[in-house]
Amino acid sequence: MKKMKGMITLLLLMMGVVGCNGEKVNIDFPFEVGEVENIEMYHYTGVPVSAEKKVVVAETDITDLYDKFEDLSLMEKQVEETTGGNVTSFRFNLSDGTSYELIYVCNGVKNGNLKSSTGNFEYFTRSDIGLYWSNIDLEAVSVEENELPKLTN
């Protein structure tokens, strides 16, 4: 009977630890929205050679994107990535000549990872960040693969 109680206690403890795997976090940009000169947005489906780019320069659009990212619901949770999905990237070009990059890899409907090599993080999100690309009414132009933000941390 003591062994059974011990096993049950151990099982409950393990379930509690596993339940903490999805701790919620938010992006805390190391810059203010007023420091952003423009945002380069990149998008491709499947392979990077099909990548396109939009450049956001309107102050209202920059502020809107900045606020959307700060309000995102993110979790410290690892998910298996699939190949051939949609990738939407953002490069915040700052007034001091530096940039801050975010890469969203969509692994399914409202299921993806948001990564940043400059912010040194990778989070899971159920937000459809790919819609940010569709909702910005700007001309998209083709780009070379070497211009894309990098997926490695």
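## Strand β3 and its two partners

In this predicted model, Lys 53 of strand β3 has Val 141 in β9 as its bridge partner. These two strands, β3 and β9 (residues 141–142), pair in the antiparallel sense over two bridges. Lys 53 is also the bridge partner of Tyr 42, and Met 41 stands opposite Lys 54 in β3.

The pairing of β2 with β3 is likewise described as antiparallel, and it runs over five bridges. Together β2 and β3 form a hairpin, with six residues between the two strands, and in the turn Gly 46 has a positive phi of about 85°.

## The sheet as a whole

The strands just described belong to an open sheet of nine strands with antiparallel pairing, whose order is β1-β4-β8-β7-β6-β5-β2-β3-β9. At the edges of this sheet lie β1 (24–25) and β9, each of which pairs on one side only.

Counting every element, the protein has three helices and nine strands, and from the N terminus on they follow the pattern α-β-β-β-α-β-β-β-β-β-α-β. Among contacts between residues at least 6 apart in sequence, 66% join residues at least 24 apart. One example of residues separated in sequence comes from Glu 23, which is found in the loop between α1 and β1: Glu 23 and Glu 76 are 53 residues apart in sequence, yet their C-alpha atoms are 5.6 Å apart in space. Glu 23 touches Leu 74 and Met 75 as well as Glu 76, not counting residues up to four places away in sequence.

## Helix α2 and its buried side

Helix α2 has 12 residues (59–70), and because each residue should add 1.5 Å, the expected span is 16 Å; the C-alpha atoms at its ends are 17 Å apart, which agrees. Within α2, the residues Ile 62, Leu 65, Tyr 66 and Phe 69 are buried. These residues cover an arc of only 100° around the axis, and therefore they lie on the same side of α2. An α-helix has 3.6 residues a turn, so residues three or four places apart point the same way.

What do the buried residues of α2 pack against? Their neighbours are the strands β2 (36–45), β3 (52–56), β5 (86–94), β6 (99–108) and β7 (111–116), together with helix α3 (130–135).

## Nonpolar cores

Buried residues make up 37% of the 153 residues in the protein. The largest nonpolar core has 28 residues, of which Phe 69, Phe 90, Phe 92, Leu 102 and Leu 114 touch the most other members. The elements that give two or more residues to this core are β2, α2, β5, β6, β8 (121–125) and α3. A second, separate core has eight residues, including Tyr 44, Ile 103, Val 105 and Val 143.

Leu 102 shows how one core residue can touch many parts of the chain: leaving aside residues up to four places away in sequence, its contacts include Ile 27, Phe 29, Phe 69, Phe 90, Leu 114 and Phe 121.

## How far to trust the model

The protein averages a pLDDT of 83, and 78% of the residues score at least 70. Confidence is highest in β3, at 98, and lowest in helix α1 (residues 2–19), at a mean of 44. Over residues 4–20 the pLDDT is below 50, and beyond near neighbours in sequence this stretch has zero contacts in the model. Where pLDDT is low, the predicted coordinates should not be read in detail.

Methods. Residues numbered from 1 in each chain as written. Predicted model: local features only at pLDDT ≥ 70, side-chain atom pairs only at ≥ 80, totals over all residues. Heavy atoms only, no water. Helix = DSSP H or I, 4+ residues; strand = E, 2+ residues; numbered from the N terminus. Expected span 1.5 Å × (residues − 1). Buried < 20%, exposed > 50% of the residue type's maximum accessible area, 1.4 Å probe, protein only. Arc of directions from axis to C-beta. Contact = heavy atoms within 4.5 Å. Pairing = 2+ DSSP bridges. pLDDT = per-residue confidence, 0-100. Core = buried A, V, L, I, M, F, W, Y, C linked by side-chain atoms within 4.5 Å.
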